[in-house]
Amino acid sequence: MNSSEEIAVSAMSAGRSALRMGPAELVQAAAMARRFYLEGKSKIQIAEEFGVSRFKVARVLETALERDLVRIEIRVPAELDAERSDALRARYGLRHAVVVESPADGEETSPDPENLGETAADLLGELVSEGDVLGLAWGRSTIHMAAALDRLPPCTVVQLTGVYDAGTAERGSVEAVRRAAQVSGGEAHPIYAPMLLPDPATAAALRNQTGIARAFEYFDKVTVAAVSIGSWEPGISTVHDMLTDEERAHYASLGVAAEMSAHLFDAEGRRVGRDLGERCITVEADRLRRIPEVVAIAGGQRKAAAIDAVLRSGLVTSLVTDTAAADFLLNETGPKPRPALDRADPDGI
């Protein structure tokens, strides 16, 4: 029995309907329910033990539920919101959606709360299998996630983007890749290069360097990826903060609503400002779309609209977020998104 589920079986009940059963019926029903719910025996095994048909056992178990002899409670840890998680998964057609409680005071102390990273680390422990190739993109949330990892099957870990600042590599995405590889016992393929370069020629030259080219060779082998999402505003998007004022204004004029791994999206999930990618060290969008499982980690009201945009892009299959963002996403009145698992490109190309 799962630790998140509790099944209470009692021969006594305060319900009036239970009192209509005779004492022998009550005792037998409680015994059968105990065998089925707590001991995991099949209805056929119970029928053989009590000398009745399995249809009789099925009727008794059904009656036990109806008359409150058996109470089934499904419990998840307090920090997880199972109802919002399931509703979000259904609305966006995701493979997995996990919603954690936002800070109790309702204030966002960080654009990427550490509890999102901790939950994402637990989710990766479920999703990654031995022999997989795990890809990690730059982002505060993915760095929090890597720091929280305590279990991971043997796998190869590859960095999917350059770093925000080459000088922060030791405590940024390079260290996240190293940490994940250390936990898994697998190989690490970091990228020692900035995410954004001054021009396409410099970026192309860096991509051809031996270490970076080796990491890029693994992009088509990635089976599970973890990415962050940013809104197009200061402090919420790494790429936004790396650009000049003139460049920010230019991309804002194109209708940028979200950023993920240096790819820009409008509110409908369509990619805009594609020329920016030519200056960046990052996994290409078409490669991301081919990765079987892409988990986005992002939360907070300030990122909610950006999360909606990225979920419409067809690049993400699963989401770890919080209740503040989930409430916005579930109340969004815009066009219903296509199922994320379709991996459809809104541009049709």
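Angles under 35 degrees count as roughly parallel, over 145 as roughly antiparallel, 65 to 115 as roughly perpendicular and the rest as oblique. I keep this at the top of the page for the helix pairs below. The model I am reading is predicted.

**Helices 14 and 15**

I looked up the packing of helix 14 (residues 301-311) on helix 15 (residues 323-330) and found an angle of about 45 degrees, with the axes 8 Å apart. The two helices are therefore oblique to each other. I noted the hand as well: helix 14 and helix 15 make a right-handed crossing. On the helix 14 side I listed Q301, A304, A305, I307 and D308 as the residues in contact, and on the helix 15 side A324, A325, F328 and L329. Sorted by class, this contact of helix 14 with helix 15 has seven nonpolar residues, one polar and one charged.

**Helices 3 and 4**

I then turned to helix 3 (residues 43-50) and helix 4 (residues 54-66), whose axes come within 8 Å and cross at roughly 105 degrees. Helix 3 is therefore roughly perpendicular to helix 4. From helix 3, I recorded K43, I44, I46 and A47, which meet R54, V57, A58 and L61 of helix 4. By class I have six nonpolar residues, no polar and two charged for the contact of helix 3 with helix 4.

**Sheet of strands 8 to 11**

I traced an open sheet of four strands in the order 8-9-10-11, with antiparallel pairing. Strand 8 (230-231) and strand 11 (271-272) are the edges; each has a single partner strand, so one side of each is left without a neighbour in the sheet. I checked how strand 8 is joined to strand 9 (residues 258-260) and found antiparallel pairing over two bridges. For G230, I wrote down E259 in strand 9 as the bridge partner.

**Strands 4 and 5**

I followed strand 4 (residues 133-136) to strand 5, and the two pair in the parallel sense over four bridges. G135 has V158 in strand 5 as its bridge partner. I also asked what covers the two faces of strand 5 (residues 156-159) in terms of burial, and both are covered. T156 and V158 lie on one side, V157 and Q159 on the other, and all are buried.

**T321**

I picked T321, which lies in strand 13 (residues 318-322). Its relative accessibility is 0%, so T321 counts as buried. Leaving out residues up to four places away in sequence, I found that T321 touches L88, V98, V99, V100, L116, A298, G299 and I307. I307 had already come up on this page, as one of the helix 14 residues in the contact with helix 15.

**Positive phi outside glycine**

I looked for backbone oddities and noted S261, which is not a glycine yet has a positive phi of about 55 degrees. S261 sits in the loop between strand 9 and strand 10 (263-265). I asked whether S261 is buried or exposed. With a relative accessible area of 3%, S261 is buried, the cut-off being under 20%.

My other entry under this heading is R343, a residue other than glycine with a positive phi near 55 degrees. I located R343 in the segment after helix 15. R343 has 14% relative accessibility and therefore counts as buried.

Methods
Residues numbered from 1 in each chain as written. Predicted model: local features only at pLDDT ≥ 70, side-chain atom pairs only at ≥ 80, totals over all residues. Heavy atoms only, no water. Pairing = 2+ DSSP bridges. Axes fitted to C-alpha atoms, helices over the stretch in contact; angles between N-to-C directions. Left-handed = near helix turned anticlockwise from the far one by under 90°. Contact = heavy atoms within 4.5 Å. Nonpolar A, V, L, I, M, F, W, Y, C, P; charged D, E, K, R; others polar. Buried < 20%, exposed > 50% of the residue type's maximum accessible area, 1.4 Å probe, protein only.
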